[in-house]
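Visitor: I'm new here and would love a close look at one part of this structure. Could you take me through it slowly?

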Amino acid sequence: MSAKLEYLLRLGDNDVVLAQRLGEWVGHGPVLEEDIALTNVGLDLLGQGRMWLAYAGEVEGKGRTEDDLAFLRDQHAYRNVQLVELPNGDFADTMARQFYFDHVHLLLLHALARSTDGRIAEIAAKAQKEVAYHVERSADWVVRLGDGTEESHTRMQRALDKFWPYTGELFTPDAVDIELAKRGVAPDPSTLREPWLAAIGSVVKEATLAMPDGEWMQGLRRGGGKHGVHTEHLGHLLSEMQFLQRAYPGSSW
Amino acid sequence: MRTEWPLWEIFIRSQHGLAHKHVGSLHATDAEMAVKNARDVYTRRNEGVSIWVVKSSEITASSPSDREVLFEPAASKIYRHPTFFPMPDEVKHL
């Protein structure tokens, strides 16, 4: 598999898996407005995921469409980071996961918008406008909950701490990252860590919360989600997401 | 503890419209959140270029029982209504 194909799958899978998670909030949001907002973010991500996977299919050159890639790959072929597959938990959990992801997502898209690959630059330029809004929204909630009631503060802190170990994978380069960075196709993810820490750090401070510490970073030893090593949660997510195509192959709307 | 969020009335100016139009209402804890929620609830299909939010409690409404006092006089003065102009058949959508 070429480095570029591998990388496009990672981008697409992050979006698709997180979109599916956010979709689980349909009908369960704390208020109607939030229910709609969360799933809007999910739909934004799904749209971006489609673009990445469609391009991945073309790069692969075996005639696979974005649908084939999304609905007919098993969990070990999925290349998303573990962070995005973790269960929704309570609202603070969902927001903490989103907060960590949105910030690195935006930094990544800014860098990809300058990619030497024209198609990648184009998709990233389009996506970053949507993600700029996601960043605002999740940061807003972290501040509201952190600087809210005693209960919301406690839960928000717990959520930040809980997802923290999964953020290491976002910034750890492997051979694919290094090759693409050399060619100017994508940034070396380790260069995103400092700006990410600065960005989330100021929000966490405003929210009167404490930055989690600890260097133990989940998902690195055995390669992490980028190499198809996932938590036990991804399989369940996919079984629901892929059910229709598995049960009724080729069926469409 | 009061758990219900305040209600906000949402006004959107559409792509070609000159004025903001009332489109509905929603709940939010403050004005900033109301704008964000309005964006998500009411403008996701390119409906608008500008959003106004107004706390519903800040709106003073006419009372339904005042309807006759306020609006009857207009109905009885037919000369106020432009109904006496013959319209050419070619003119549609009137």
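Visitor: At which residue does helix 6 of chain A bend, and by about how many degrees?

Guide: Happy to help! This is a predicted model, in which local features need pLDDT of at least 70 and side-chain atom pairs count only at pLDDT 80 or more, while totals for chains, interfaces and linings use all residues. Residues are numbered from 1 along each chain as its sequence is written, and chains are lettered from A and ligands numbered from 1 in the order in which they are written.

Helix 6 of chain A bends at Q128(A), by about 35 degrees. The bend at a residue is the angle between axes fitted to the seven residues ending there and the seven starting there. Helices here are DSSP runs of H or I with at least four residues, strands are runs of E with at least two, and both are numbered from the N terminus. The end C-alpha atoms of helix 6 of chain A are 41 Å apart, which agrees with the 42 Å that its 29 residues should span at 1.5 Å a residue (the expected span is 1.5 Å times one less than the number of residues).

Next, its partner. Two packed helices are described by the angle between their axes and the distance between the axes. Helix 2 (residues 32–60) of chain A and helix 6 (residues 118–146) of chain A have axes that come within 11 Å and cross at roughly 165 degrees. Axes are lines fitted to C-alpha atoms, for helices over the stretch in contact, and angles run from 0 to 180 degrees between N-to-C directions. That makes helix 2 of chain A roughly antiparallel to helix 6 of chain A; angles under 35 degrees count as roughly parallel, over 145 as roughly antiparallel, 65 to 115 as roughly perpendicular and the rest as oblique. Their crossing is left-handed, meaning that the near helix is turned anticlockwise from the far one by less than a right angle, with clockwise being right-handed.

Among the residues making this contact are V41(A) and W52(A) of helix 2 of chain A, and I123(A) and H134(A) of helix 6 of chain A. Contact means C-beta atoms, placed from the backbone, within 7 Å. The contact residues divide into 7 nonpolar, 2 polar and 4 charged (Ala, Val, Leu, Ile, Met, Phe, Trp, Tyr, Cys and Pro count as nonpolar, Asp, Glu, Lys and Arg as charged, and the others, Gly among them, as polar).

Helix 2 of chain A also meets helix 1 of chain B: their axes come within 9 Å and cross at roughly 70 degrees. These two helices are therefore roughly perpendicular to each other, and their crossing is left-handed. E33(A), I36(A), A37(A) and N40(A) face N37(B), D40(B) and V41(B) in this contact.

Finally, the meeting of the chains takes 9 residues from chain B and 6 residues from chain A. On the side of chain B that touches chain A, strand 2 (21–27) and helix 1 (31–42) of chain B each supply at least two residues. Helix 1 of chain B gives the most, with 4 residues.

Technical notes
Contact = placed C-beta atoms within 7 Å.
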